[in-house]
Amino acid sequence: MKMKLSFGEKVRNLREDKDLNQTQLGKAVGMTQRKLSYIECGKCEPSVDDIVALCKFFKISADYLLGIKEK
């Protein structure tokens, strides 16, 4: 049985697949490194604007990040 990844784990995996650090991704999507770190570790929930920015940057559907369907 496959373990479901959290929102933050999916963001971290996508970021690492592009060989970006948190600061680089944060600048690209308009958020601070600290906020991105908190999102990745589950300390805070992303805003709708954050989700949209991440989806546009990674060219993916919000359905994947939100766990509605797999990539």
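Helices, in the sense used here, are DSSP runs of H or I with at least four residues, numbered from the N terminus. With that in hand, the place of aspartate 63 in this predicted model can be given as helix H5. The paragraphs below start from the whole chain, move to its nonpolar core, and then return to this residue.

The chain is built from five helices and has zero strands. Followed along the sequence, these elements give the pattern α-α-α-α-α. The C-alpha trace spans about 35 × 25 × 20 Å along its principal axes. How does the radius of gyration of the chain sit beside that of a compact globule? For 71 residues such a globule would have a radius near 11 Å, and the chain has 11 Å, so the two agree. Contacts across the sequence add to this picture: among those with a separation of 6 or more, 54% are accounted for by residues 24 or more positions apart.

Turning to the surface, the accessible area of the chain comes to about 4900 Å², with 52% of it belonging to carbon and sulfur atoms. Of the 71 residues, 34% are buried. The side chains include 14 positive and 10 negative ones, and the centres of these two sets lie 2 Å apart.

What lies inside? In soluble globular proteins, nonpolar side chains tend to be buried together. Here the largest nonpolar core has 16 residues, and those with the most contacts inside it are Phe7, Val11, Leu25, Leu54, Ile60 and Leu65. The elements that each give two or more residues to this core are helix H1 (7–17), helix H2 (22–29), helix H3 (33–41), helix H4 (48–58) and helix H5 (62–65). H4 gives the most, with five residues. Phenylalanine 7 offers a good view of the packing: apart from residues up to four places away in sequence, this side chain's residue touches Ile39, Pro46, Ile51, Leu54, Leu65 and Leu66. Two of these partners, Leu54 and Leu65, are also listed with Phe7 among the core residues with the most contacts.

Back in helix H5, where aspartate 63 is found, is this residue buried, exposed or partly exposed? Its relative accessibility is 29%; because buried means under 20% and exposed means over 50%, aspartate 63 counts as partly exposed. Beyond its neighbours within four places in sequence, aspartate 63 is in contact with Ile68 and Lys69. Valine 48 stands 15 residues from aspartate 63 along the chain, and the C-alpha atoms of the two are separated by 13 Å.

Note on methods. Residues are numbered from 1 along each chain as its sequence is written. This is a predicted model: local features need pLDDT of at least 70, side-chain atom pairs count only at pLDDT 80 or more; totals for chains, interfaces and linings use all residues. Side-chain values use heavy atoms; hydrogens and water are left out. A nonpolar core is a set of buried Ala, Val, Leu, Ile, Met, Phe, Trp, Tyr and Cys residues joined through side-chain atoms within 4.5 Å. Buried means under 20% relative accessible area, exposed over 50%, partly exposed in between (1.4 Å probe, protein chains only). Contact means heavy atoms within 4.5 Å. The radius of gyration is taken over C-alpha atoms; the globule rule is 2.2 Å times the number of residues to the power 0.38. Accessible areas come from the Shrake-Rupley method with a 1.4 Å probe; for residues, only the protein chains shown count as cover. Lys and Arg count as positive and Asp and Glu as negative; His and the chain ends are not counted. The place of a charge is taken as NZ of Lys, CZ of Arg, CG of Asp or CD of Glu.
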